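This briefing goes through the relations between chains, the contact surfaces, and selected strands, helices and residues. Sequence and structure come before the text.

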Number of protein chains: 4
Amino acid sequence: MPQVQDAAYRVLVDQLRDRDVEVDRVETALKAQQIETPSWGYGNTGTRFMVFKEQGAARDSHERLADAAQVHRLTGVCPSVAIHIPWDEVDDYDALKAAAAALGVRIGAVNPNVFQDYEYKYGSLGNANPAYRRKALDHILHCVDIMTAVDSPVLSLWFADGTDYPGQGDFRRRKGWFEEGLAEVYRALPERTRMLIEYKFFEPAFYHTDIADWGMAYAFARRLGPKAQVLVDLGHHPSGTNIPHIVAFLIDEGKLGGFHFNDRKYADDDLTTGSVNPYEIFLIFCELVAAANDPSVAPDIAYMVDQSHITKPKIEAMLQTVMNIQTAYAKALLVDRAALQAAQEAEDTILCERLLQEAFNTDVTPLLAKVRAAMGCDPDPIMAHRASGYQETIRRERAGELQGARSWG
Amino acid sequence: MPQVQDAAYRVLVDQLRDRDVEVDRVETALKAQQIETPSWGYGNTGTRFMVFKEQGAARDSHERLADAAQVHRLTGVCPSVAIHIPWDEVDDYDALKAAAAALGVRIGAVNPNVFQDYEYKYGSLGNANPAYRRKALDHILHCVDIMTAVDSPVLSLWFADGTDYPGQGDFRRRKGWFEEGLAEVYRALPERTRMLIEYKFFEPAFYHTDIADWGMAYAFARRLGPKAQVLVDLGHHPSGTNIPHIVAFLIDEGKLGGFHFNDRKYADDDLTTGSVNPYEIFLIFCELVAAANDPSVAPDIAYMVDQSHITKPKIEAMLQTVMNIQTAYAKALLVDRAALQAAQEAEDTILCERLLQEAFNTDVTPLLAKVRAAMGCDPDPIMAHRASGYQETIRRERAGELQGARSWG
Amino acid sequence: MPQVQDAAYRVLVDQLRDRDVEVDRVETALKAQQIETPSWGYGNTGTRFMVFKEQGAARDSHERLADAAQVHRLTGVCPSVAIHIPWDEVDDYDALKAAAAALGVRIGAVNPNVFQDYEYKYGSLGNANPAYRRKALDHILHCVDIMTAVDSPVLSLWFADGTDYPGQGDFRRRKGWFEEGLAEVYRALPERTRMLIEYKFFEPAFYHTDIADWGMAYAFARRLGPKAQVLVDLGHHPSGTNIPHIVAFLIDEGKLGGFHFNDRKYADDDLTTGSVNPYEIFLIFCELVAAANDPSVAPDIAYMVDQSHITKPKIEAMLQTVMNIQTAYAKALLVDRAALQAAQEAEDTILCERLLQEAFNTDVTPLLAKVRAAMGCDPDPIMAHRASGYQETIRRERAGELQGARSWG
Amino acid sequence: MPQVQDAAYRVLVDQLRDRDVEVDRVETALKAQQIETPSWGYGNTGTRFMVFKEQGAARDSHERLADAAQVHRLTGVCPSVAIHIPWDEVDDYDALKAAAAALGVRIGAVNPNVFQDYEYKYGSLGNANPAYRRKALDHILHCVDIMTAVDSPVLSLWFADGTDYPGQGDFRRRKGWFEEGLAEVYRALPERTRMLIEYKFFEPAFYHTDIADWGMAYAFARRLGPKAQVLVDLGHHPSGTNIPHIVAFLIDEGKLGGFHFNDRKYADDDLTTGSVNPYEIFLIFCELVAAANDPSVAPDIAYMVDQSHITKPKIEAMLQTVMNIQTAYAKALLVDRAALQAAQEAEDTILCERLLQEAFNTDVTPLLAKVRAAMGCDPDPIMAHRASGYQETIRRERAGELQGARSWG
């Protein structure tokens with residue numbers, strides 16, 4: 001088997017050289033990729049109907065960091081972990097930072113939670129009640145303090161704010177409250193950090209969401225200034241949306257700040273990235289690769305995962321996610337961009353598409369195996385994880401009843 | 001004010017007579033309407049992100065029956081209550097039946113729950129594990145026993161079964177298991193009862209749902225026999241679906257068994273019926289009125305509500321729902337069907353549409369006020385409820401902390 | 001019948017006064033409403049499968065103006081007509097302006113066509129070929145000249161530009177070409193005129209559209225300056241989009257320039273406004289009424305129709321459209337906005353919604369009949385048109401074979 | 001280059017043997033695949049906005065057959081051509097059959113057109129006018145006669161019937177008329193032929209389509225009998241539909257008769273198969289491969305293409321389509337189905353998905369090159385076509401002005 005893989009790698013390199021691909025540069029790029037995993041991706045989650053608890057799922061920040069460290073150990077490309085406050089609230093953030101470092105990872109984006117307390121039933125920064133707006137704002141400012149404590153470069157803002165019924169809220173007044181609140185947060189941001197504003201088409205509010213699409217997030221971010229950018233969550237668009245186009249548009253405006261990777265079939269399903277339409281995530285990476293080679297834009301992008309693993313084991317699902325993202329990136333790096341531009345100018349649609357499909361249809365498994373080996377990782381992180389005994393260990397350590405919990409209290 | 005309402009009623013009657021509407025027949029039909037409310041609509045529910053608890057929300061079957069009785073008392077058209085097992089599981093179903101009767105209501109459809117136990121993580125009747133299929137089947141057969149105990153005419157079947165990822169399940173094997181299971185349930189059905197098979201486009205499974213659309217529910221029901229029919233939940237279709245057409249098609253096939261009323265903007269939002277597109281629910285009732293007047297089809301339809309009231313008080317939301325359904329029905333009763341058929345045959349699209357719009361644009365508030373008064377109810381059930389002191393009473397009786405509960409355990 | 005209508009009007013006025021509605025102000029507002037109809041709405045159109053020609057459909061600009069004048073004569077609220085170049089190209093624009101004036105109407109928005117010539121197969125302002133971009137730009141600048149000639153206040157820009165396949169075009173380069181082209185147009189705009197930038201989710205390009213959503217149109221318009229605004233076509237959004245929210249957001253940004261009214265069930269169906277979801281168009285007008293009363297925003301909005309009447313007679317369809325828009329506006333004027341704001345602040349979602357529904361459920365037919373009579377129009381413009389003999393006259397004058405034309409050449 | 005390809009093939013074979021794939025069986029299956037191309041795919045088509053004519057596009061049946069023969073010559077897997085009546089109407093069908101044979105192809109499915117004549121404006125078999133229903137029926141029966149004349153095994157029925165506005169048609173009456181008409185067609189079907197009933201979610205009718213989904217086509221087909229089956233067009237579903245599931249369900253019911261292959265981003269875009277979501281077409285083929293190996297179902301399926309090539313050259317687009325379908329089929333043949341079933345039973349979702357992804361991520365280019373060479377075809381049919389001079393020849397032969405035609409007459 002390794003012999004076959006080795007032969008496959010050599011043939012692939014020959015094929016890529018025939019296509020004028022600089023294999024060394026591709027491998028260097030793959031080694032430099034960084035994907036941030038979220039602490040909340042290691043705990044139990046579910047749908048509104050049911051949470052199926054997993055034995056050994058992480059129960060606190062330290063267990064979540066440990067699981068994230070396992071993912072980094074196996075993949076080599078996940079050195080940072082996003083935290084969610086208050087789920088990851090601790091008394092001593094220095095200790096949390098040190099714990100992460102001891103595990104070989106660091107804290108990444110800080111995510112305030114302004115949807116879980118009773119006061120947020122009708123909104124947070126968009127709430128008609130000024131006391132509740134203040135509460136939300138204070139929580140976010142607290143998170144800004146945490147950023148400093150843990151050396152986090154990114155404040156990642158998602159608002160569940162919205163309404164369920166026509167008339168329930170005044171769209172323009174709520175917009176004004178958001179502008180006020182965001183401006184106060186912006187002013188508090190530490191040097192060399194950014195705030196990323198996430199948008200979402202619907203859910204948990206069903207009639208309207210205050211920041212419903214990239215255009216609204218963009219309008220807020222533009223008014224705030226250069227430290228405010230837009231966060232693109234792949235599941236937060238209506239069906240049929242061309243996400244690569246939005247990505248390119250935001251890059252061109254200097255306003256693409258980061259991603260929440262996942263995939264979806266109809267709504268915000270929070271499925272494994274690349275599980276429903278792997279070609280779409282490849283096309284997104286094609287835009288990112290093009291931009292990375294273009295000094296006129298030079299975006300600084302936070303690559304983060306945001307998924308809800310319901311019917312898959314948490315750590316394995318995260319490993320699969322990371323591997324799918326690496327696959328998409330590797331394929332995008334193989335596109336012959338000079339030939340693509342020439343075909344575009346020649347109006348040769350067939351050839352344009354073939355150039356993308358040729359890259360997409362290339363089996364990059366041998367390439368990624370090579371890169372992983374060079375980074376001291378197993379070519380197959382999932383099987384390496386299964387063989388590692390880690391899962392058995394945490395199952396014993398974190399013993400608990402195997403049961404479900406009805407979501408509705 | 002009452003004087004104005006009285007004048008409005010007299011003018012409306014004159015207008016309707018000008019349009020050859022038999023007002024007496026319309027009022028008789030409105031008095032005969034029956035809408036079943038669900039016991040679970042009176043308790044706390046939420047989204048996957050949060051359950052915002054309401055003070056005074058019903059906590060057990062008896063409280064749920066009491067609240068349903070309040071809705072019936074105020075509207076006069078909600079004499080039955082659907083129950084959900086095990087949420088409404090009791091030791092003594094005779095006592096439950098008697099309790100309902102004492103409150104002035106009766107038990108309606110029995111809804112088994114085969115999605116909440118750990119064994120159902122990968123399906124119930126469609127589970128690859130025969131022991132879990134058996135467990136689900138036994139639970140449903142237990143519900144059939146409950147039907148007999150409480151004199152329920154309807155077994156209402158919704159299955160959360162499905163998969164999140166390609167390959168996770170074998171579509172055809174799962175279909176075979178469903179056929180087997182449903183056949184066993186069918187054989188156990190008491191005389192003069194029906195089983196209604198619900199379908200759903202997606203959620204909580206995101207890649208595929210075993211009974212994903214009306215066609216699948218219909219295929220199962222047809223093979224089972226006349227006591228099996230299809231249940232149409234208004235929120236279980238993709239955007240853009242013409243639900244009135246599906247309703248008409250099923251009526252024509254003799255397979256429309258009932259409804260779960262609600263409304264939605266994008267997904268299965270479980271919003272108040274008629275809150276997003278009131279014209280659509282009117283058009284559905286136009287099909288129902290047409291069928292009711294057509295001896296060749298004569299459908300027997302269970303009108304049931306299935307909503308999740310998150311940002312509205314439970315009882316008020318139910319009252320508003322019932323009132324919206326009455327409004328839609330009242331307007332549909334005003335359509336001049338003979339003129340409509342003539343306009344259809346004359347290819348006069350403009351006139352066809354005007355005949356519907358004229359009925360829809362009629363303000364039926366005075367008509368419904370008259371009907372409610374004749375039934376001993378207040379013309380405005382919501383304001384009557386607010387004035388009744390009921391809410392205050394149950395808030396005190398069912399005191400509890402006002403708080404939220406994070407959905408994810 | 002008139003007696004009944006008179007009684008209905010008097011009762012309605014009493015009801016509205018009970019609700020503190022200033023009926024005089026409502027009637028004044030309705031009389032001041034202006035809706036622009038499009039010249040192309042009076043000619044034959046169709047789907048990609050078939051164009052079913054209508055006998056008597058207008059064949060040239062003068063016939064189209066004549067039909068538009070008939071709509072204005074019957075409704076009193078359609079004094080201007082949008083033109084489309086080259087469909088309405090004439091040698092002498094002074095003569096066209098005079099012809100319009102003689103018919104009692106005036107020229108409204110000028111719409112360039114940059115999608116119909118062979119050179120636009122791969123785009124107009126976004127075309128990779130500079131000669132084709134220049135051609136498109138020259139055509140638009142020609143339309144700017146026409147604006148001056150006919151005293152048009154609005155340049156209405158819709159671009160079919162986009163791609164059908166991944167890779168076919170370079171999103172960011174195309175964006176750059178659009179910015180260049182639009183800037184040149186902007187500089188040429190006459191004083192006291194505006195350019196409105198329309199966006200569209202998809203079609204005729206299927207993979208990506210260069211101006212795909214309001215956010216992109218907004219970004220272009222913002223960079224250009226105050227004379228550039230966004231045009232909202234009701235059919236150009238994915239399913240489930242909250243259009244009233246977008247309308248409010250754009251108003252707040254000072255960037256809502258106008259509407260193309262129509263309705264749709266799934267895609268850009270170009271159906272009669274209000275025919276699929278009349279509640280949605282009402283909710284849009286609620287935002288417009290709220291903004292009109294708010295001196296902090298004071299939008300200047302062009303209300304234009306853009307529909308494709310396939311199975312309805314052109315003039316009747318336009319009359320029905322105008323009447324539906326009047327109905328939506330009339331109902332929106334009835335909303336008690338002070339009570340609504342109070343209910344919003346009290347978190348009384350039920351009451352918020354009731355305030356909207358009460359207005360929506362009001363039958364405004366008697367009110368509109370009164371307003372029409374006061375403007376010298378028949379209370380029922382469609383039936384007045386049928387009785388007028390106009391249709392018979394144009395059918396004879398514009399005799400032609402009754403036939404279909406296959407769309408695909 | 002050929003040396004590299006040869007090496008790639010040898011490595012691939014080694015890899016597949018490691019996965020227990022029987023490479024010979026896969027190659028045999030690929031050689032036996034047959035994909036029918038449509039005569040109308042070689043002529044000019046467009047959107048409702050514009051038809052961009054292509055120089056050299058086929059203008060009549062003989063030119064269309066010639067182009068189809070070129071596709072078969074280059075791919076070896078397209079021996080039959082679907083015809084569309086009256087677009088392919090000829091005086092002498094024996095001559096047409098002979099012409100096809102002389103070109104190396106044969107006539108496949110016969111497609112009646114009951115949407116293009118003026119009488120069909122309000123429907124064909126569902127028209128309220130009995131004379132128009134009769135006309136449509138006579139045309140279809142004429143097509144049944146043509147089937148006999150050209151030895152066609154399949155009558156392929158697509159109906160544009162539907163309505164644009166609520167009330168325009170009576171759903172149940174129209175259903176009855178369809179049942180009558182289809183029954184008459186069914187009775188006329190020659191021995192050993194089938195009728196395939198296509199469904200479509202929307203367009204060209206926008207409010208309702210008489211055969212709107214697979215369930216309606218299935219209900220009609222079931223009632224008619226075994227010679228009636230359902231035709232699945234990949235573009236005729238709402239966004240988010242799980243087509244592989246529908247395919248599996250229909251196979252299980254014995255009612256899957258055939259496909260119209262294409263791809264879509266939002267609506268019925270008629271794009272190149274596999275151009276938007278190549279994973280989806282792979283997953284469809286996974287169901288077909290599973291069924292082909294299952295004697296309990298043994299479906300007989302017509303694989304047909306139905307696309308509208310607007311911005312791609314017709315013949316190249318067809319070649320690309322065929323190649324994409326071959327790629328999807330080849331990958332589906334590599335799935336280890338025994339391992340998949342074991343993983344499903346073990347509830348190992350991760351492994352299930354990996355087994356599919358491993359097959360999908362395999363680069364089957366060397367395998368298809370080998371198969372094509374063995375069939376006497378060039379490994380790259382598109383480049384072979386470009387090199388063949390065929391396009392130049394037909395461009396000269398079929399000279400015409402290069403121009404556009406506005407769709408709306």
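Two strands are taken to pair if DSSP finds at least two bridges between them. By that criterion β5(D) and β7(D) pair, as 4 bridges join these parallel strands. The model is predicted. The points below begin with the strands of chain D and then move to a helix, the contacts between chains, and two residues of chain B.

**Paired strands in chain D**

- Strand β5 of chain D covers residues 154–157, and both of its faces are covered.
- On one side of β5(D) are D:Val154 and D:Ser156, on the other D:Leu155 and D:Leu157, and all of these are buried.
- In a regular strand, side chains alternate between the two faces of the sheet.
- Within the pairing of β5(D) with β7(D), D:Leu155 has D:Met195 as its bridge partner.
- Strand β7, residues 194–198 of chain D, also pairs with β9(D), in the parallel sense and over 4 bridges.
- D:Ile197 is matched there with D:Val230 of β9(D) as bridge partner.
- Strand β9 of chain D, residues 228–233, is mostly covered, with 6 of its 6 residues buried.
- β9(D) pairs in turn with strand β10, residues 256–261 of chain D, again in the parallel sense over 4 bridges.
- In that pairing D:Val232 stands opposite D:Phe259 of β10(D).
- The connection from β9(D) to β10(D) involves a helix: β9(D), α8(D) and β10(D) form a right-handed β-α-β unit.

**A buried helix in chain D**

- Helix α10 of chain D spans residues 314–333, which is 20 residues.
- From first C-alpha to last, α10(D) reaches 29 Å, close to the 28 Å expected at 1.5 Å a residue.
- Since 20 of the 20 residues of α10(D) are buried, the helix is largely enclosed by the rest of the structure.

**Chains D and B**

- A turn of 180° with a shift of 0.0 Å along the axis lays chain D on chain B with an RMSD of 0.0 Å.
- This is the relation of a two-fold axis.
- The C-alpha of chain D nearest the axis belongs to D:Gly215, at 2.0 Å from it.
- The same surface serves both copies, as 100% of the contact residues of chain D recur in chain B.
- The contact joins 43 residues of chain D with 43 residues of chain B.
- On the side of chain D that touches chain B, at least two residues each come from α6 (171–188), α7 (214–224), α8 (243–252), α11 (337–345) and α12 (349–361) of chain D.
- The residues of that side of chain D divide into 21 nonpolar, 13 polar and 9 charged.

**Chains A and B**

- Chain A can likewise be laid on chain B, with an RMSD of 0.0 Å, by a turn of 180° and a shift of 0.0 Å along the axis.
- In chain A, the C-alpha nearest this axis is that of A:Arg48, 2.0 Å away from it.
- Here too the same surface serves both copies: 100% of the contact residues of chain A recur in chain B.
- Chain A gives 40 residues to the contact and chain B gives 40 residues.
- β2 (50–52) and β12 (404–406) of chain A each supply at least two residues of the side of chain A that touches chain B.
- That side of chain A consists of 20 nonpolar, 11 polar and 9 charged residues.

**Two residues of chain B**

- B:Met50 lies in the loop between β1 (37–38) and β2 (51–52) of chain B.
- B:Met50 has 24 other C-beta atoms within 10 Å and is therefore buried, the cut-off being 20 or more.
- B:Met50 and B:Leu16 are 34 residues apart along the chain, and 48 Å separates their C-alpha atoms.
- B:Glu179 is located in helix α6 of chain B, residues 171–188.
- With 16 C-beta neighbours inside 10 Å, B:Glu179 counts as partly exposed.
- Leaving aside residues up to four places away in sequence, B:Glu179 touches B:Phe220 and B:Arg223.
- The C-alpha atoms of B:Glu179 and B:Ala219 are separated by 10.0 Å, with the two residues 40 residues apart along the chain.

Technical notes: Residues numbered from 1 in each chain as written. Chains lettered and ligands numbered in written order. Predicted model: local features only at pLDDT ≥ 70, side-chain atom pairs only at ≥ 80, totals over all residues. Least-squares fit on C-alpha atoms with pLDDT ≥ 70 in both. Contact = placed C-beta atoms within 7 Å. Nonpolar A, V, L, I, M, F, W, Y, C, P; charged D, E, K, R; others polar. Expected span 1.5 Å × (residues − 1). Buried ≥ 20, exposed ≤ 12 C-beta atoms within 10 Å, placed from the backbone. Right-handed = clockwise from strand over helix to strand, strands pointing away.
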